[in-house]
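This report is meant to be read with the sequence and the three-dimensional view side by side. Please look at the overall fold before turning to the details.

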Amino acid sequence: MGIFSQSKDIQVQGTRNPYPRSGFYLVELNRHAFNPSSRKDKQPLAIVEYKILEVLEDFAGTAQPPGTHVSWFSKLEVDRTGGLTDLGKVNMARLKSYVRELPGGENAGANEDDVTPEAIATAFGQDMNDDSETAIEGWDGTEVSGLQLTLRVVEGTSDRGARYTNMYFKALDNE
């Protein structure tokens with residue numbers, strides 16, 4: 001059973017949905033989920049799925065066309081003591097910026113420092129069973145379905161030659 005085992009309409013886990021590519025987009029969220037222990041390496045993992053509605057700017061000629069469903073994976077890598085690694089800290093900051101841009105959410109517009117890991121878990125629907133380890137069954141992450149945001153995807157290469165992708169979600173101005 002996968003992280004979206006209750007969902008039946010859109011395939012996930014990167015097998016059919018491509019990863020984000022450089023560009024500035026208007027997107028519609030499909031769903032999101034947080035898994036405290038991913039199957040591959042037992043690290044915490046957040047996934048946000050969205051559909052591209054419009055390409056607002058194509059930075060490198062590689063923007064994904066409208067109608068494309070995309071999966072963004074954000075690993076909150078932890079070390080042996082349970083603290084976030086450098087990659088985990090970067091991805092936590094990316095998740096915080098996503099959560100504070102969710103319209104109507106408890107953290108909408110909050111300062112990044114005020115968005116705690118617990119607030120992220122709540123935003124991702126992680127009500128837990130009594131064992132505090134298993135997410136309540138039946139939740140499919142679709143409560144965000146239909147929300148529209150702008151998304152700036154910036155791909156780059158670090159000084160050490162590692163590739164990275166920065167994601168900048170922004171709530172639409174309600175005018």
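What follows describes the sheet, the helix that packs on it, the nonpolar core and one lysine, all in a predicted model.

**The sheet**

The strands form an open sheet of five, arranged in the order β3-β2-β1-β4-β5 and paired in the antiparallel sense. Because β3 (69-75) and β5 (163-171) stand at the edges and have a single partner strand each, one side of each is left without a neighbour in the sheet. On average, and with direction ignored, neighbouring strands of this sheet are turned by 40° against each other. As general background, the strands of a sheet pair through backbone hydrogen bonds, in either a parallel or an antiparallel way.

The table lists three of the strand pairs, with the number of bridges and one pair of residues that face each other.

| Strand pair | Bridges | Example pair |
|---|---|---|
| β1 and β2, antiparallel | eleven bridges | His 32 and Val 48 |
| β1 and β4, antiparallel | six bridges | Gly 23 and Val 153 |
| β4 and β5, antiparallel | nine bridges | Thr 150 and Lys 170 |

Strand β1 covers residues 23-35 and strand β2 covers residues 45-57. The strands β4 and β5 also form a hairpin, with five residues between them, and in its turn Gly 161 has a positive phi of about 90°.

**The helix and the core**

Helix α1, which covers residues 86-99, packs on the sheet and touches β1, β2, β3, β4 (148-157) and β5, while its direction makes about 130° with that of β3.

Which residues of the largest nonpolar core touch the most other members? Among its 28 residues, these are Leu 29, Tyr 50, Tyr 98, Phe 124 and Phe 169. Two or more residues of this core come from each of the elements β1, β2, β3, α1, α2 (117-123), β4 and β5. In soluble globular proteins, nonpolar side chains tend to be buried together.

**One lysine in the helix**

Lys 96 has its place in helix α1. Is Lys 96 buried or exposed? Its relative accessible area is 15%, and because the limit for a buried residue is under 20%, Lys 96 counts as buried. Leaving aside residues up to four places away in sequence, Lys 96 touches Glu 112, Val 115 and Ile 120. Between Lys 96 and Asn 107, which are eleven residues apart in sequence, the distance from C-alpha to C-alpha is 9.2 Å.

Key:
Residues are numbered from 1 along each chain as its sequence is written. This is a predicted model: local features need pLDDT of at least 70, side-chain atom pairs count only at pLDDT 80 or more; totals for chains, interfaces and linings use all residues. Side-chain values use heavy atoms; hydrogens and water are left out. Two strands pair if DSSP finds at least two bridges between them. Helices (H or I, at least four residues) and strands (E, at least two) are DSSP runs, numbered from the N terminus. Axes are lines fitted to C-alpha atoms, for helices over the stretch in contact, and angles run from 0 to 180 degrees between N-to-C directions. Contact means heavy atoms within 4.5 Å. A nonpolar core is a set of buried Ala, Val, Leu, Ile, Met, Phe, Trp, Tyr and Cys residues joined through side-chain atoms within 4.5 Å. Buried means under 20% relative accessible area, exposed over 50%, partly exposed in between (1.4 Å probe, protein chains only).
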